[in-house]
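Here are my comments on the fold, as requested. Please read them with the structure open.

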Amino acid sequence: MFCPLDCWDACQVKLADNKIKGYGITPYLCYKLNNYFKFKRETSPKLNSKNIMLRDGLKKLVDILKKTEPKKVLYVKGSGHMGIMQNITKLFFEKYGASFAVGSTCDGIGERGIINSRGKSLILPTWIIKNAKKILIWGRNPFVTNIHLLPLIKDKKVVTIDVIETKTAKNSDFFIQIRPNSDFYLAILLSQFIIERNLVKREDGVGFNEFKKIVFSYSKEDLLKKTGIDLEEANKLLEFIKDGAVVLTGLGVAKCKDCYKTTWAIDSLFFMLDYFGKRDKGVAFLGSSNFGLYNPININPKNKVPLFDVNLDDFEVVFIQGANPLVSFVNRNEWEKLKQKTTIVFGKYYDETAKISTLFIPTKDFYEKNDIRGSYFDEYVRIMNNEKIKKEPNPNIPLHHHTNSQISEYELTKFLFDAFEFDGLKDEEWYVNEILSNSDLEKINDTLYKKRVFNQAPYVNGFLTEDKKFHFLTEDFNYKEKDFEIVTAKHDKALNSQFIRDKNIYINPKSNNIMLRFVRNNFDESIIVYDEKIPKNIIYSKGGVTINKVLNARGDNAYYEID
């Protein structure tokens with residue numbers, strides 16, 4: 001059985017002695033899973049905050065949907081759960097005619113840049129990481145967010161680039177601390193060095209001359225100033241990367257509105273050094289977890305609106321699955337309108353959004369359902385089987401975790417298909433079997449498969465662009481420096497808005513007066529933590545619980561800066 005939580009890793013687990021334990025390819029677990037049963041889930045359906053029977057909740061759901069014009073129903077699916085079968089509710093809402101809120105609260109901006117350069121963001125297989133002699137970690141904090149990477153980089157030379165001295169930075173051979181949202185300029189600076197010193201190994205991509213014009217439109221002095229590093233550090237970094245390494249970038253490089261140009265610039269830098277399609281080097285952002293998998297549930301909604309252009313005044317009913325917009329989404333003022341809407345929450349926890357909902361329907365837990373999941377990080381496919389728990393209650397699981405009035409995503413979809421007399425839904429087992437039988441997988445054991453497409457290095461046979469060629473950066477950044485910057489990071493004891501949150505805002509007490517006034521005007525003094533180790537003029541937040549109050553975005557993908 002595997003954890004489905006929406007993070008880099010996918011821990012293999014088993015239930016024993018009233019605990020979730022790790023084993024197999026992932027013998028150790030993160031804080032969230034080690035303490036999983038300490039966080040009470042909600043097992044009772046609710047109508048206007050009052051407990052009801054599940055059958056009454058389902059009847060109410062049907063009544064609401066039948067009385068509402070479908071386009072006036074907004075479907076919002078969070079990414080807290082990475083199982084493919086969790087998306088099966090989309091089949092009903094598309095057939096019903098609902099409007100879909102589409103976009104990413106996480107990696108969408110960075111992925112856009114990689115789509116421009118490579119066509120698709122693919123993971124870097126673990127065997128390539130093992131083969132590498134050097135690891136460059138750029139805007140990622142695997143000691144907190146990607147712990148299964150750690151054995152792969154043990155005893156290798158590791159360099160970290162980040163804005164904050166993270167746990168990963170402290171465990172690296174050396175640390176390059178840059179200014180927020182300056183990663184683009186660092187990539188441009190290194191590209192200058194490579195071209196000037198005749199280190200270019202590949203220039204056969206599309207748009208190389210345009211890229212060079214951007215690279216040399218800046219002076220070295222300006223680039224060093226923008227990044228906040230000195231020439232010695234820049235030369236040291238060049239020496240580290242020039243002969244090959246594995247580069248692992250994270251969300252830290254893509255937090256601003258135009259930061260898709262950053263991932264694009266980083267790709268262009270390492271394409272010149274011939275990092276792609278090799279057995280001991282490569283560049284990876286968050287990879288597509290479903291790449292190499294046949295997905296019979298995949299749809300392209302007819303009615304859709306970008307997630308951060310949603311105007312809730314246009315909708316009468318909002319159906320929210322596996323998400324907590326009142327905490328996890330930017331544009332918080334807009335999502336506050338949920339309190340005046342007929343809001344339906346289908347989820348596991350009775351969180352802030354669930355508490356204001358008209359109707360709350362609790363889901364079964366991941367160990368009570370069958371599913372399949374990939375990973376942002378590795379080439380494996382996991383089978384999440386329920387180990388017959390739903391048929392034979394496990395006495396080792398606390399009573400409040402037993403299935404009572406919860407329903408799985410497939411069961412809810414089947415109920416709604418029947419209630420609306422829709423056809424076309426297959427048996428649950430059919431979808432699981434279709435995924436496995438139509439995907440090119442190597443079976444490791446009954447619950448673990450490997451995608452054969454990653455038996456060779458990604459992009460070895462060309463890129464996933466229309467012309468199969470790499471496309472160099474052709475758009476300049478022109479980032480407007482602000483009086484202060486927002487820096488967000490993952491908290492090791494939280495995931496999205498789940499588990500233990502850190503509500504604090506961290507700042508340097510010597511920051512400029514503009515920032516200090518902003519912080520004190522927008523946040524309660526009790527959650528402001530003054531720390532002289534934080535770079536001046538940075539507002540640092542672990543997760544979005546508090547900082548999302550002041551962040552706004554437009555379009556498909558969230559960004560984390562003050563407009």
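The points below go from the sheet to the helices.

1. This is a predicted model. Its open sheet has eight strands. Their order is β4-β3-β15-β14-β13-β5-β6-β12, and the pairing is mixed.

2. Look at the edges next. β4 (50-51) and β12 (304-306) stand there. Each has a single partner strand, so one side of each is left without a neighbour in the sheet.

3. Now take one strand pair inside that order. Strand β13 (residues 317-321) and strand β14 (residues 342-347) run parallel. Five bridges join them. For Gln321, the bridge partner in β14 is Phe346. In general, strands of a sheet pair through backbone hydrogen bonds.

4. Two helices lie across strands of the sheet. Helix α2 (residues 54-66) lies across β3 (46-47), β5 (73-77), β13, β14 and β15 (359-362). Helix α2 runs at about 130 degrees to β15. Helix α3 (residues 89-96) lies across β5, β6 (99-102), β13 and β14. Its angle to β5 is about 160 degrees.

5. How do α4 and α13 cross, left-handed or right-handed? The crossing is right-handed. The axes of helix α4 (residues 108-118) and helix α13 (residues 260-272) come within 6 Å. They cross at roughly 40 degrees, and α4 and α13 are therefore oblique to each other.

6. Which residues of α13 meet α4? They are Tyr260, Thr263, Trp264 and Asp267. On the α4 side, the residues include Ile109, Arg112, Ile114 and Asn116. By class, this contact of α4 with α13 has four nonpolar, five polar and three charged residues.

Note on methods
Residues numbered from 1 in each chain as written. Predicted model: local features only at pLDDT ≥ 70, side-chain atom pairs only at ≥ 80, totals over all residues. Heavy atoms only, no water. Pairing = 2+ DSSP bridges. Helix = DSSP H or I, 4+ residues; strand = E, 2+ residues; numbered from the N terminus. Contact = heavy atoms within 4.5 Å. Axes fitted to C-alpha atoms, helices over the stretch in contact; angles between N-to-C directions. Parallel < 35°, antiparallel > 145°, perpendicular 65-115°, else oblique. Left-handed = near helix turned anticlockwise from the far one by under 90°. Nonpolar A, V, L, I, M, F, W, Y, C, P; charged D, E, K, R; others polar.
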